[in-house]
Amino acid sequence: MENKTNNKFTPLSTLGEFGLIDKLTKNLKILHKSTIKGIGDDAAVLDYGEKFIVLTTDILTEGVHFNLVYMPLKHLGYKAVVVNLSDIYAMNAYPRQITVSITISAKFSVEHIEELYQGIKFACDKYGVDLVGGDTTSSYTGLTISIAAIGEAAKNKVVYRSGAKENDLICVSGNLGGAYMGLQLLERERKLFEKGSVERPDFGDYNYILERQLKPEARKDIIEMFKETGIKPTSMIDISDGLSSELLHICKSSGIGCSVYQDKIPIDKETVIMAEEFHIPPLTAALNGGEDYELLFTVPLDTYDIISARPEVSIIGHISKQETGCRLIMSSGSEVEITAQGWNALKDQQ
Ligand code: ADP
Ligand code: MG
């Protein structure tokens, strides 16, 4: 760390999160046949017998991912579990166990951490996973929660980011942009309150977008729908960083292009109203706002009748040749290239 001034050191922001991960991991050798898929998907895929095991981990850091001024600890515990389970479902797998590791500073009491664990346990009950271990240590800077989740899937059911084919339908569950607009509302009220401009924060009746931000759910129901209907998506990813970023991940991994239609992107009424209040185009919130934890997936064209009948799924476009690039077709008919402006941990913090 001494030579900061002689330009030998590259700022993290020049690479961003994904660039850094690529750089750090590009020369890794896989030693075991049981490592079916290592880095580069929502979860690693491991072969330990009759089924595949899927494994993922995520960190939430105080001040970066959450602010305890408006994030109740119980919700935080719940969310920390859910974001991991979402990555397991994104592989078309079922989560079974989690481990929970926390760093805690002296500002927290036993009761605080118990509250956090109420949320963790609530999520475990709701999604049917066992908490089987973790680690606990102190920190100077606040709370960090790192959760790892393990899931299982029949070997022929696992879905990667890389299987999308030309003419496949591009689908998304639920609606997008709500969690981001919920965050904008929470942040606005926090700032007004901290400045002393208001006696207490006013969140109006925006319960839906607040819940999207504070207490998201993972789309277990979509995986169950695949089982029921016998549909196996050709590719899938969960939307943690924003639709644009996730579409580009699928396009890059699958070596294809896509056309997505503005009119088809599902956005809830409350998200639209709040976006307008902030003078943000609702489409921008849907494309670039993160943390919706919906599933983005592609299915073969011949599943159209089944998929289009599902109210919880929207068909937003189709897969095209790689040469056509990733395009967004606006309501006006004009076309724009999709670029990733989603949450990129190391670029945004600069
Ligand atoms: P997600 O948004 O689905 O959680 P990420 O974008 O965090 O996925 O990670 C992309 C891929 O990079 C995953 O396979 C993940 O396991 C891997 N990865 C992330 N950070 C690291 C790291 N520090 N070292 C090794 N692999 C990493
Ligand atoms: Mg993911």
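This report describes aromatic contacts, enclosed spaces and a few backbone positions in one predicted model.

In this predicted model, local features need pLDDT of at least 70 and side-chain atom pairs count only at pLDDT 80 or more, whereas totals for chains, interfaces and linings use all residues. Residues are numbered from 1 along each chain as its sequence is written, and side-chain values use heavy atoms, with hydrogens and water left out.

**Aromatic contacts**

A pair of aromatic rings is described by the distance of the centres and the angle of the planes. Rings of Phe, Tyr and Trp (its six-membered ring) are taken to pair if their centres lie within 6.5 Å, and planes under 30 degrees apart count as stacked, over 60 as edge-to-face and the rest as tilted. By this rule there are three aromatic pairs, among them the two in the table.

| Pair | Centre to centre | Angle between planes | Class |
|---|---|---|---|
| Tyr-78 and Phe-122 | 5.7 Å | 40° | tilted |
| Phe-226 and Phe-297 | 5.0 Å | 85° | edge-to-face |

Helices (H or I, at least four residues) and strands (E, at least two) are DSSP runs, numbered from the N terminus. The tilted pair links distant parts of the chain, with Tyr-78 in helix H2 (residues 73–89) and Phe-122 in helix H3 (residues 110–127), 44 residues apart. Accessibility is classed as buried (under 20% relative accessible area), exposed (over 50%) or partly exposed (in between), using a 1.4 Å probe and protein chains only. On this scale Tyr-78 is buried at 1%, while Phe-122 is partly exposed at 43%. The ring of Tyr-78 also has the charged end of Lys-215 over it, 4.4 Å from its centre; the criterion here is NZ of Lys or CZ of Arg within 6 Å of the ring centre and within 35 degrees of the ring normal.

In the edge-to-face pair, Phe-226 belongs to helix H6 (residues 220–229) and Phe-297 to strand E10 (residues 295–299), so the contact ties together parts that are 71 residues apart in sequence. Phe-226 is buried at 2% relative accessibility, and Phe-297 is buried at 0%.

**Cavity and pocket**

On a 1 Å grid over the protein atoms alone, a cavity is a set of points where a 1.4 Å probe fits but cannot get out, a pocket is an open set with protein on both sides within 12 Å along at least five of seven lines, and lining residues have an atom within 4 Å of a point. Grid points are joined across faces, edges and corners, and a volume is the space filled by probe spheres set on the points.

Phe-297 recurs in the lining of the largest cavity, together with residues including Ile-170, Leu-247 and Thr-298. This cavity holds about 30 Å³ of space, and helix H7 (243–254) and E10 each supply at least two residues of its lining.

The second largest pocket holds about 250 Å³, and among its 14 lining residues, Asn-92, Tyr-94, Ala-154, Lys-157 and Lys-227 are the closest to its centre. Domain 1 (12–154) and domain 2 (161–337), with bounds from an automatic or database domain assignment, both contribute to the lining, so the pocket lies between them.

**Loop positions**

His-279, in the loop between helix H8 (269–277) and helix H9 (282–288), has a positive phi near 55° and is exposed, with a relative accessible area of 74%. Tyr-293 also has phi near 55°, but this residue, in the loop between H9 and E10, is buried at 7%.

Methods. Chains are lettered from A and ligands numbered from 1 in the order in which they are written.
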